[in-house]
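Hi,

Here is the structure I promised to pass on. Have a look at it first, and my notes follow underneath.

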Amino acid sequence: MPLSRMQIQELLDENHEHTCDGYGCEHVCVKIAAIADLPSRFGQFQVVAFYNNQDGKEHAAFVHGDIWDAEDVPVRLHSECLTGDVAGSLRCDCRDQLETAMRAIGEMDKGILLYLRQEGRGIGLTNKIRAYGLQDYGYDTVEANLALGFLDDERDYSIATHMLDSLKVRSIRLMTNNPKKLNALRDYGIKVNGRIPLIIPPNPYNAFYLQTKAKKSGHMLDESGKEHLMEQRDRPIVEGMTAEQIIQFGEE
Ligand SMILES: [Zn+2]
Ligand SMILES: [Zn+2]
């Protein structure tokens with residue numbers, strides 16, 4: 001059962017009045033601003049729009065099934081990637097990860113995908129494209145990777161935690177391939193009861209994951225020869241990866 005009209009009204013009313021000291025050291029506070037049905041190609045969802053008090057970014061939760069007061073709700077965190085999510089860029093695999101997670105949640109009893117508006121993991125679209133541009137001219141990719149991949153995740157977790165609290169989720173199972181994320185989220189006060197691996201189907205565009213040689217050289221190149229960048233916090237497991245590769249991914 002999706003959120004009922006009464007539940008929606010209750011959420012909107014209490015969020016309208018909501019104030020708090022904020023979550024995390026940046027004191028992020030989010031408020032549910034609007035909710036609507038969202039039938040999608042991945043199943044029946046409701047979309048919940050969140051406003052936040054920090055930077056005017058509007059985050060979204062895609063909610064499937066009865067999550068009200070629910071335990072063990074499957075949750076996926078996805079950071080916005082305009083080039084991947086919208087244009088199907090092959091410089092990253094955000095689109096594959098997003099679609100796989102949405103499809104998986106749509107087929108489950110219930111689940112939530114939190115869509116966090118943190119393009120390029122917080123550096124913004126322009127800086128991300130700048131980093132891409134540098135790579136196109138053959139600049140060292142270390143700089144690009146630093147900018148894209150290794151930012152502090154602290155803010156992500158505080159927003160996600162607040163969003164889950166606002167949605168009245170009691171406990172979750174996190175869709176991730178990295179067991180370390182479970183404790184990181186617990187530190188923010190989320191009751192994490194387990195983990196669901198995210199396994200994406202193999203396709204011509206993620207074949208480089210399956211090539212150990214590419215991995216060993218320290219670079220994963222896509223078909224065009226451009227280095228593939230990690231923009232989501234979780235690396236995907238591609239069907240067909242060896243056990244060794246999977247373990248290696250989880251440890252990094
Ligand atoms: Zn708040
Ligand atoms: Zn991406």
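Before the notes, one term: two strands pair if DSSP finds at least two bridges between them. Helices (H or I, at least four residues) and strands (E, at least two) are DSSP runs, numbered from the N terminus.

You're looking at a predicted model, where local features need pLDDT of at least 70, side-chain atom pairs count only at pLDDT 80 or more, and totals for chains, interfaces and linings use all residues. Residues are numbered from 1 along each chain as its sequence is written, while chains are lettered from A and ligands numbered from 1 in the order in which they are written.

Now the sheet. It is open, has seven strands in the order 1-2-3-5-4-6-7, and its pairing is mixed. Strand 1 (30–40) and strand 7 (192–196) are the edge strands, each pairing on one side only. From one strand to the next, the twist averages 25°.

Let's walk in from strand 1. It runs antiparallel to strand 2 (residues 43–52), with ten bridges joining the two, and Ser-40 sits opposite Gly-43 of strand 2. Strand 2 is also antiparallel to strand 3, this time over six bridges; there, Phe-50 faces His-59 of strand 3. The hairpin of strand 2 and strand 3 has five residues between the strands, and Gly-56 in that hairpin takes a positive phi near 75°.

Is strand 3 enclosed or not? Largely enclosed by the rest of the structure, because five of the seven residues of strand 3 (residues 58–64) are buried. Buried here means that 20 or more other C-beta atoms lie within 10 Å of a residue's own; exposed means 12 or fewer, partly exposed is in between, and C-beta atoms are placed from the backbone. Strand 3 also runs antiparallel to strand 5 (residues 111–116), with five bridges, and Ala-61 has Leu-114 in strand 5 as its bridge partner.

At the other edge, strand 6 and strand 7 are parallel, with four bridges; Ile-172 is bridged to Val-192 in strand 7. Together with helix 7, these two strands make a right-handed β-α-β unit (with the strands pointing away from the viewer, the path from the first strand over the helix to the second runs clockwise).

Last, a loop residue: Leu-221 lies between helix 9 (212–216) and strand 9 (237–238). Leu-221 counts as partly exposed because it has 13 C-beta neighbours inside 10 Å. Its C-alpha atom is separated by 9.1 Å from that of Tyr-209, twelve residues apart along the chain.

Cheers

Note on methods. Axes fitted to C-alpha atoms, helices over the stretch in contact; angles between N-to-C directions.
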